[in-house]
Amino acid sequence: MTRIATVLAAGWVVCSVAVLAQSRSVWDGVYTKSQAERGKKVYDQTCARCHGETLLGGDEAHPLVGDEFLEKWDAQPEWKLFDIIRRTMPDDGPNVLTRTQTADLVAFLLSANAFPAGTAEVSTEDEALKSVLITKARP
């Protein structure tokens, strides 16, 4: 291996390790129970009329729990879910939820999909949200 190839390979390894160290998954406890409880209140007030009390969706609304939801969001950053909710929900009045309400709602959806709670809340900051992956299966 040439010196340049060795340096490039070493750089790639360092960058890969740095990226892996920064990213987490929803299996790492990225919300708190109290945040999920606040999110349930937001859900009941703004989402349940379309997505249902059981989060299984309806005629026009997608399910927010179960295989279909997990397939859709598998390997996506938490930010993407946060952003879609923030910009497009509720359907009849999008972009009305605050960033805090949206983070609480994401916490509730994670809880409803049986991801473990932790000691830190879902962030309202884009960069922090981008560092958390939604993964169907435990990594």
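**Close-up views of a predicted chain**

**View 1. Helix α6 has the span expected for its number of residues.** Helix α6 covers residues 99-112, and at 1.5 Å a residue its 14 residues should span 20 Å; the C-alpha atoms at its two ends are 20 Å apart, so the two values agree. The expected span is 1.5 Å times one less than the number of residues in the helix. Keep in mind that this is a predicted model, in which local features need pLDDT of at least 70 and side-chain atom pairs count only at pLDDT 80 or more, while totals for chains, interfaces and linings use all residues. Residues are numbered from 1 along each chain as its sequence is written, and side-chain values use heavy atoms, leaving out hydrogens and water.

**View 2. A run of buried residues lies in α6.** Which residues of α6 are buried? They are Thr 102, Ala 103, Asp 104, Leu 105, Val 106, Ala 107, Phe 108, Leu 109 and Leu 110. Buried means under 20% relative accessible area, exposed means over 50%, and partly exposed is in between (1.4 Å probe, protein chains only). Their cover includes α2 (33-46) and α5 (78-88). Just after α6, you can find Ala 114 with a positive phi of about 65°.

**View 3. Cys 47 and Cys 50 stay unbonded.** A disulfide is a pair of cysteine sulfur atoms within 2.5 Å, and by this rule the count is zero. Why is there no bond for Cys 47? Its closest cysteine sulfur, in Cys 50, is 8.5 Å away, which is too far. Cys 47 is buried because its relative accessibility is 9%, whereas Cys 50, at 38%, is partly exposed.

**View 4. The elements follow one another along the chain.** Seven helices and three strands make up the secondary structure. Starting at the N terminus, their order is α-β-α-α-α-β-α-α-α-β. Helices (H or I, at least four residues) and strands (E, at least two) are DSSP runs, numbered from the N terminus. Of the 139 residues in the chain, 35% are buried. Among contacts (heavy atoms within 4.5 Å) between residues at least 6 apart in sequence, 70% join residues at least 24 apart.

**View 5. Residues 5-21 have pLDDT under 50.** pLDDT is the predictor's confidence in each residue, from 0 to 100. For residues 5-21, the model has one contact beyond four places in sequence. The chain averages a pLDDT of 88, and 84% of its residues score at least 70.
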